[in-house]
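Dear colleague,

Please find the structure below for your files. My findings follow directly after it.

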Amino acid sequence: MKEADTHQQKLEEWQVRKDLAAAYRLVALYGWDDLVFTHLSARVPGPEHHFLINPYGLLFHEITASSLIKVNQDGTIVQSGSVHRVNPAGFTIHSAVHMSREDAGAVVHLHAPDGVAVSAHRDGLLPLSQTAMLCLGHLSYHGYEGVALNLDERERLTRDLGNARMMLLRNHGTLTVGRTVAEAFTYMYFLMKACEIQVRTLSCGPTYLPTEEAIETTRVQSEELGKAATLTWPALLRLLDSRSPGYAI
């Protein structure tokens with residue numbers, strides 16, 4: 001590789017690192033974190049099939065661009081910061097998606113309570129809100145098989161994910177896939193908001209459901225949902241700069 005190409009690849013990787021560190025901080029800011037557990041990952045630009053994931057042991061509000069760990073598709077650490085551990089369950093889930101989807105530039109996986117609650121609901125995500133209806137056309141489901149330590153589960157997980165951008169991992173949590181970190185986080189925001197609304201709505205008693213035509217109209221309107229990231233991400237970075245500075249170091 002030419003020196004100029006190597007320099008450009010390093011610049012691109014650093015930008016991905018900053019965006020992924022920002023996403024970790026945002027998860028903490030929204031209260032979606034789970035101590036040191038759950039994972040967000042991003043593909044490193046270049047032909048090596050490497051991706052970035054959190055060092056196992058740091059809280060999400062502590063993560064910085066330089067602390068992220070680079071691993072290959074076999075889970076071997078290629079480059080790490082001060083912490084040299086990767087959660088094996090995180091590798092199983094994220095490597096499966098990155099290896100099977102060329103468009104999976106970033107993957108977000110959470111255990112936030114409302115997301116887990118809806119994943120455990122018999123009917124999954126219901127069309128109880130506009131936000132939920134914007135998600136339904138992007139959503140798939142994967143049955144619970146235990147803590148994700150078995151590499152054999154990767155084939156079943158990717159089969160169930162298909163081309164979806166959002167997934168409810170039954171009795172486990174939520175997952176989103178984006179071409180960029182910004183897109184994956186934006187999908188997760190919509191999915192988590194839909195789950196939060198559903199949990200509140202079902203606690204209120206009998207529900208009102210929209211017509212099938214309204215549901216279908218909203219599904220069609222949601223096809224470009226990922227483009228919302230171009231508006232939301234710069235605003236979210238400004239929020240971080242005021243609430244949780246230091247993620248980009």
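Among contacts (heavy atoms within 4.5 Å) between residues at least 6 apart in sequence, 67% join residues at least 24 apart. The model is predicted: local features need pLDDT of at least 70, side-chain atom pairs count only at pLDDT 80 or more, and totals for chains, interfaces and linings use all residues. Residues are numbered from 1 along each chain as its sequence is written, and side-chain values use heavy atoms, with hydrogens and water left out.

The chain contains eight helices and eight strands, taken as DSSP runs (helices H or I, at least four residues; strands E, at least two) and numbered from the N terminus. Buried residues (under 20% relative accessible area, 1.4 Å probe, protein chains only) make up 51% of the 249 in the chain.

The largest nonpolar core, a set of buried Ala, Val, Leu, Ile, Met, Phe, Trp, Tyr and Cys residues joined through side-chain atoms within 4.5 Å, has 42 residues. L20, Y24, W32, L40, F185 and W233 have the most contacts inside this core. Elements giving two or more residues to it include α1 (3-29), β1 (39-43), α6 (181-202) and α8 (229-243). The largest share, nine residues, comes from α1. Leaving aside neighbours within four places in sequence, L20 is in contact with L40, S41, A42, L52, L68 and V181. Another core, of 14 residues, lies apart from the largest one and has A132, L168, Y187 and L191 among its members.

Along its principal axes, the C-alpha trace spans about 60 × 40 × 30 Å.

With kind regards

Terms used: Buried means under 20% relative accessible area, exposed over 50%, partly exposed in between (1.4 Å probe, protein chains only).
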